[in-house]
Amino acid sequence: MIAWLGENAVGSAVMEASGGYERGWAKALREAGIAVRIVDPKRVRYFAKSAGRLAKNDPIDAEMIAWFAETFAAAPPPADDPDREALDRLVTTRRLLVRLSTQIGQLGEHQPPRVVANAQRAIGKAIRAQLAKLEAAIAGSIRANTAFAARRAVIASVPGFGAHFVAGAIAWLPELGRISNKAAAALVGTAPYDDDSGTHRGERHIKGGRREIRELLYMATRAAATRHNPVIKDYYQRLRAAGKKAKVALVACMRKLIVILNTMLARTQMWNPAHATLAA
C-alpha cells in the first residue's frame with residue numbers, strides 16, 4: 001500500500017480512530033514520510049448523513065473519510081510523538097484499572113458469599129499492585145522527557161492539580177499552550193454553546209470535548225473550588241452568591257482553570273495568583 005501511495009504521489013492519509021487499532025497503520029505511514037490525520041468516526045458519520053449518504057460499506061466509508069478530510073483540511077495533522085503516545089497508553093491503562101478497581105470494590109458492599117469476598121480481595125490486591133507499577137512508569141516517562149518535565153512543572157504549580165491530572169494533561173492535551181483559549185475550552189468540553197432560535201434564548205450547555213481529561217479536570221476543580229486554590233474558590237463563591245447553580249458554577253471554574261493553564265503553558269509561566277485573577 002505504501003508503495004502504491006508513493007507511486008501516486010500521495011503525501012497525506014486520514015483514518016478513523018478505532019480504539020488503538022489504527023496505531024500500527026499510522027506508525028507505518030509516518031515512517032514512510034506520509035502525514036497522518038486520525039479523525040473522530042462520529043464526525044465522519046454525521047458528515048456522511050448531512051450529505052445524504054445513508055448507505056455504509058467499506059468503499060463508501062473510505063470515500064467519505066477522504067471527502068471529510070478534504071472539507072476540513074484547515075488544521076495540519078499533529079506531529080508524530082511516540083513518547084506522548086506511549087504515555088497516553090500508560091495513563092489510559094491506569095484509568096481503566098481505576099474503574100475496574102471501583103467495580104471490584106463494589107462486590108464487597110453487600111456481604112457477599114465468602115468465595116466472592118476472597119476473589120474480591122485477591123483481585124483488588126492485584127489491581128493495586130499493578131496501579132503502583134503503572135504510576136511509577138508514568139512518573140518515569142515524564143521525568144525522562146525534557147518537554148514533558150517542563151510541562152509538568154508548569155501544570156503542577158497550579159494549586160489543586162495533582163499528579164493524575166498532570167499526567168492526563170500531558171498525555172491527552174498536547175495542544176494546550178499552542179491554541180486559543182476558546183479552542184482549549186472546547187477541546188476539554190467546557191465551552192458553553194448557544195441554543196437560540198429567533199427570539200427564543202435557550203439555556204447554554206457544554207458539548208463534546210475529550211471526556212477523559214474533562215473527568216480529571218472536574219475532580220481537580222472540585223478540590224480547587226472548595227479547598228486548595230484561593231483564586232478559584234473565591235470565583236466559585238462569587239458565582240454561587242450571584243445565584244448560579246452549583247454545577248454551573250463548577251463548570252465555569254473548570255473553564256477558567258483550563259484558560260489559565262493554557263496561558264501559563266503558552267508563556268512557560270508558573271502559577272501566579274495575581275495573573276490568574278485576571279484570566280477570563
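The paragraphs below lead through a predicted model of one protein chain, beginning with its overall make-up and then moving along selected elements.

The protein chain has 280 residues, of which 33% are buried, and its secondary structure comes to 13 helices and six strands. If one considers the contacts between residues at least 6 apart in sequence, 59% of them join residues at least 24 apart.

A convenient place to begin is the start of the chain. Ala 3 is found in helix α1, and with a relative accessible area of 52% this residue counts as exposed, because the cut-off for that class is over 50%. The C-alpha atom of Ala 3 is separated by 9.3 Å from that of Ala 32, although the two residues are 29 apart along the chain. Between α1, which spans residues 2-7, and strand β1 there is a loop, and Ala 9 is found in that loop. Ala 9 has a positive phi of about 55°, although it is not a glycine, and its relative accessible area of 70% makes Ala 9 exposed.

After this loop comes strand β1, made of residues 12-16, whose two faces can be told apart: Ala 13 and Met 15 form the covered face, while Ser 12, Val 14 and Glu 16 form the uncovered one. Strand β1 pairs with strand β2, residues 35-39, in the parallel sense, and the pairing runs over five bridges. Two of the residues on the uncovered face of β1, Ser 12 and Val 14, can be followed across to their partners in β2, since Ser 12 has Ala 35 as its bridge partner and Val 14 has Arg 37. Between the two strands the chain passes through helix α2, residues 23-31, and the β-α-β crossover that results is right-handed.

Further along, helix α4, residues 58-71, holds Ile 60. With a relative accessibility of 17%, Ile 60 counts as buried, because it falls under the cut-off of 20%. Once its neighbours within four places in sequence are left aside, Ile 60 is in contact with Arg 53 and Ala 55. Ala 48 lies 12 residues from Ile 60 in sequence, and the distance between the two in space, C-alpha to C-alpha, is 9.4 Å.

A second buried position can be examined in helix α6, residues 114-144, where Gln 120 is found. At 19% relative accessibility, Gln 120 also falls under the 20% limit and therefore counts as buried. Not counting residues up to four places away in sequence, Gln 120 touches Ile 104, Gly 105, Leu 107 and Gly 108.

The later part of the chain offers two examples of helices that pack against each other, and helix α10, residues 211-228, takes part in both. In one of them, α10 meets helix α11, residues 230-241, at an angle of about 90°, with the axes 7 Å apart, and the two helices are therefore roughly perpendicular to each other. On the side of α10 the contact is made by Ala 224, Ala 225, Thr 226 and His 228, and on the side of α11 by Pro 230, Ile 232, Lys 233 and Tyr 236. By class, the residues of this contact of α10 with α11 divide into five nonpolar, two polar and one charged.

In the other example, the axes of α10 and α12 come within 9 Å and cross at roughly 105°, which makes α10 roughly perpendicular to α12 as well. Here Arg 214, Leu 217, Tyr 218, Thr 221, Arg 222, Ala 224 and Ala 225 of α10 meet Leu 250, Cys 253, Met 254, Leu 257 and Ile 258 of α12. The residues of the contact of α10 with α12 divide into nine nonpolar, one polar and two charged. Ala 224 and Ala 225 appear in the contact with α11 and also in the contact with α12.

Helix α12, residues 246-267, is followed by a loop that leads to α13, residues 273-278, and Thr 268 has its place in that loop. Like Ala 9 in the loop before β1, Thr 268 has a positive phi although it is not a glycine, in this case about 50°. At 61% relative accessibility, Thr 268 counts as exposed.

Methods
Residues numbered from 1 in each chain as written. Predicted model: local features only at pLDDT ≥ 70, side-chain atom pairs only at ≥ 80, totals over all residues. Heavy atoms only, no water. Axes fitted to C-alpha atoms, helices over the stretch in contact; angles between N-to-C directions. Helix = DSSP H or I, 4+ residues; strand = E, 2+ residues; numbered from the N terminus. Parallel < 35°, antiparallel > 145°, perpendicular 65-115°, else oblique. Contact = heavy atoms within 4.5 Å. Nonpolar A, V, L, I, M, F, W, Y, C, P; charged D, E, K, R; others polar. Buried < 20%, exposed > 50% of the residue type's maximum accessible area, 1.4 Å probe, protein only. Pairing = 2+ DSSP bridges. Right-handed = clockwise from strand over helix to strand, strands pointing away.
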